[in-house]
Structure formats: C-alpha cells, structure tokens
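Visitor: I'm new to this structure and would like a close look at one part of it. Could you take me through the place where the two chains come together, and tell me what to keep in mind while I look?

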Amino acid sequence: MLDRFQSLVEEHQHRVYTLASYLLGDREEAADVTQEVLLRLWRNLETLDGNVSAWLLRVTRNYCFDLMRKRRSQKTALGNPEEPEAVHLPDTGQPSPERLAASTDLGRHLRRAVGELAEPYRSILILREVQEMKYVEISEALDMPLNTVKVNIHRGRKMLRERLKGVIGHAAAC
Amino acid sequence: MPRPADGPAGACAWVRERIDPLLDGELAASEEVALQDHLADCPACRSELALARSLQGALRDGLPPLTCPPEVSQQVLAIARREEAERARRPARGGLGARIRSGLADWFGGGGLLRPALAAVALAALLAAPFVYRSLLGPARPQAPAVATLPAAPAPGASGAQGASYSPEEIAEARDQARVVLAYVAAVGRDAGRAVQDDVFAEGIVRPTRRAVESLGTARIAEPRRTP
C-alpha cells in the first residue's frame, strides 16, 4: 500500500499544491494544505474508490475554503460575509525571459482579477486554465453537473474579459 | 446549428456561446464546422474569438502550474512509513471482541505448545486458588471472612476431632506457597497480557489473582484461645 501511495503522491502533489496556492494566495499555507490532503489520502487509501484525482481536488478545495472561512471570521465582520475574499495570487516565480517583458503587468492584473473572482468561477478557471482539465474532469472534481461547468466557464471568462478588456486588448496588439 | 430564421444576431449569439468550448477542444465536430463557417463571414465574432484566445493565452502564461516543494512529499511519506510500521506492530483495531481474538491468535499462534501449556497452568492455578484459600482457613463462614479464625489448638494428646487444625507456622508456610503460585499466575498473565489486551487479562485473570493474594495477605490470624 505504501508503494501505491508513493506513486499517487508523485502523480498528484503538484496539482494539489497548484490549486491550493491559487485559491489561498499563500504558498506556505498551500504547502500545509497539500501535506494535510496527502495525509488524508494515505489514511483513506484502503477505502477510497473512484477517481482519486477528483477526490484530491475536492478535498483540497474544501480545506482551502475552511482556511478562508477562518481567516474571515478572524477579521472584524463588516459588510456581507458572503462577499468573495479577494485573494492575491502568488507570484509564480517562474517567468521566462520571453514572457517577462510583455507580461509582467498583465500577469499582475490577471492574478488580481482571478483572485477577485467569486466561487465557483475562480476554482473552475484554475482547474481549466492552469490544470488544463477537461470539462468532465472538472465536473467530477467539483461535483457539479457538466452543463453547469460549461455555463460557469463561460461566465467566469466573461467576467475576466470585462475586468481585463483594456489590458488584454493592449497585450494582444503588442 | 444556427438557423437562418435566427438572423445574424441569433447566429452570432449561437457562435459566441460556443467560443469557449471551441478553445477548450470540447466542441462537437459538427458544431465546429458550422461555427467556422460563420466566423469566415463575421468580423465581430472573429474579434470575440481573438479576444478569448488572448485571455486564455494570458491566463496560461500568468498562472502556470506550480511545483510542490519537495519537503512536503518527503514529510508525508515519512509519516506514512512510520504509521505503516506502527500498524504492522500493533494488533488489529476493532471492538473488544476483535482485539481479544486477534491477541489470542497472536499469542497462541507462536511458540508451539508452550504458550497453550502455560495458559492451561495459569488457568488451573487460578481455579485452584479459592480451594487453597478455603482449605487453609477452614470452612466458609458467613461473617467477616477477612479475619480467619482458627480452631483452638488441640490440647496435648487430643485427637483434633473438629476438622483439620494447623499451627500458625504451617498456615504461614501454606500462605507463602499460595502466594508463590498466585504470583506465578500473575506473571504468566502479564506475559499473556502483552498479546491479549491488558483489559482482558487484567479483568479475567490478573485482578482476581491479585484479590486472592491480597485477601490471603490481609487475613489475620486470630490469637489462639488460651486454655485456662
């Protein structure tokens, strides 16, 4: 069982970490969440059946939401607690020289815009754009009907386009 | 597919709903053909597609997949190995019945006939202990069993007709022997208790054994009645 677990860790750790990082906007917290999620996988491995990847992403998302709720409850409650918390997405730290000159400002705008998206649009776009998951995989991971996934991808991108219209148009023209 | 009755606006709406699935490779082949036909004649929809494509490219550049720090998986695997090793050492968890069965299976499963023999001796000694106790202290009395009263020592020359009579030295010696037997039983029980859960052996064998020893130890021997 240990061998099987090790293979699953090697296969999925980066995906779990990526989702947690972009949801939380904090790499240290993302590392903690990743460790907790993988340990939970270990302790449930014997009884787990079905799609391990979808299970991992669902658990990761739930852990991140729990953390975000705790953060919110620690702040003074002003306004609507259901307002999405703006998350400052982490600097990727992995710029390529070709991209850096053109995309530094764009990247910052993008990360801010995605961080400000409400759920489930933020999760869906991270899984689609970053993890390149298929619609049916996203549907399983988020436990969401396929048509709802399609609609939410469309809406999420539309919101981003609205926020980034000037920036993307300029970048496209460069 | 966009219908001619929908008009240009309807056709454009149909196409724009399908731009995202097109970019994601999730569009049915037949719909893709119709969409490409429309795009060939519609600059506005072509512009929408270009904008969507730019956004997708920007997102992929701006939000690349990240690499999990290696210490995370190292820590996780170290914990998993430790838990696996502990699990291999411990008996199976479960209810008390499962633990008893597992422990007994482990205990009797190794060591050939020695362990079953020891268990039989321990059980026999435990069963015999009350009889040893009673034979030392005379017939059971309804009151105050903690104090053992002994019949008076027979007068010199008397036959001692009223049952067995023992001197304090003989009683002390028998008590010591009983203690040795019961200590052995307790030790065997402790050894067995390592495999079988402590609460089983503790309640079933060790504690009753201890109670028997303690009651022997606390039993006071009354002063023999002095003959006038």
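**Where the chains meet**

Guide: Let's begin with a caution: in this predicted model, pLDDT stays under 50 over residues 76-85 of chain A, and that stretch has 11 contacts beyond four places in sequence. Residues 94-101 of chain A also have a pLDDT below 50, with seven contacts in the model beyond near neighbours in sequence. Where pLDDT is low, the predicted coordinates should not be read in detail. For chain A as a whole, the average pLDDT is 82, and 78% of the residues score at least 70. Among the elements of chain A, helix H2 (residues 27-44) has the highest mean pLDDT, at 95, while helix H4 (residues 97-115) has the lowest, at 67.

Now for the meeting place itself. Here 35 residues of chain B touch 42 residues of chain A. The two chains bury about 3,800 Å² between them, and carbon and sulfur atoms give 64% of that. On the chain B side, look for B:Leu55, B:Leu63 and B:Leu66: these lose the most area to chain A, together 19% of what that side buries.

Charged side chains take part as well. Six salt bridges are found across the interface of chain B and chain A. If you'd like one to pick out, try A:Arg128 and B:Asp24, whose side chains meet at 3.0 Å, N to O.

From there, move to A:Leu160. Leaving out neighbours within four places in sequence, A:Leu160 is in contact with B:Leu55 and B:Leu59, and also with A:Ala113, A:Val114, A:Leu117 and A:Leu125. A:Leu160 also belongs to the largest nonpolar core, which has 61 residues; A:Leu160 is listed there among those with the most contacts inside the core, along with A:Phe5, A:Leu41, A:Leu56, A:Leu127 and A:Ile138. Helix H1 of chain A (residues 2-24) gives the most to this core, with 10 residues. As a rule, in soluble globular proteins, nonpolar side chains tend to be buried together.

A:Phe5 deserves a stop of its own. A:Phe5 is buried, at 0% relative accessible area, and A:Trp42 is buried too, at 1%. A search of the whole structure turns up one aromatic pair over all chains. That pair is A:Phe5 with A:Trp42: the ring centres are 5.2 Å apart and the planes stand at 50°, so the pair counts as tilted. Because A:Phe5 sits in helix H1 and A:Trp42 in helix H2 of chain A, the pair ties together parts that are 37 residues apart in sequence.

Over in chain B there is something else to find. Apart from the largest core lies another, of 14 residues, including B:Cys12, B:Val15, B:Leu23 and B:Leu49. Two of those names come up again around B:His38, a residue of helix H3 (residues 29-41) of chain B. Setting aside neighbours within four places in sequence, B:His38 is in contact with B:Cys12 and B:Val15, as well as B:Ala11 and B:Cys45. B:His38 has a relative accessible area of 15%, so this residue counts as buried.

Before you go, here are some backbone details in the loops of chain A. In the loop between H4 and helix H5 (121-130) you'll find A:Pro120, and the peptide bond leading to A:Pro120 from A:Glu119 is cis, with omega near 5°. A:Glu132, in the loop between H5 and helix H6 (135-142), has a positive phi near 55° and is partly exposed at 49% relative accessibility. Most residues other than glycine have a negative phi, and most peptide bonds are trans.

Terms used: Residues numbered from 1 in each chain as written. Chains lettered and ligands numbered in written order. Predicted model: local features only at pLDDT ≥ 70, side-chain atom pairs only at ≥ 80, totals over all residues. Heavy atoms only, no water. Helix = DSSP H or I, 4+ residues; strand = E, 2+ residues; numbered from the N terminus. Buried < 20%, exposed > 50% of the residue type's maximum accessible area, 1.4 Å probe, protein only. Contact = heavy atoms within 4.5 Å. Core = buried A, V, L, I, M, F, W, Y, C linked by side-chain atoms within 4.5 Å. pLDDT = per-residue confidence, 0-100. Phe/Tyr/Trp six-rings, centres within 6.5 Å; stacked < 30°, edge-to-face > 60°. Buried area = accessible area lost by both parts, 1.4 Å probe. Salt bridge = Lys/Arg side-chain N within 4 Å of Asp/Glu carboxyl O.
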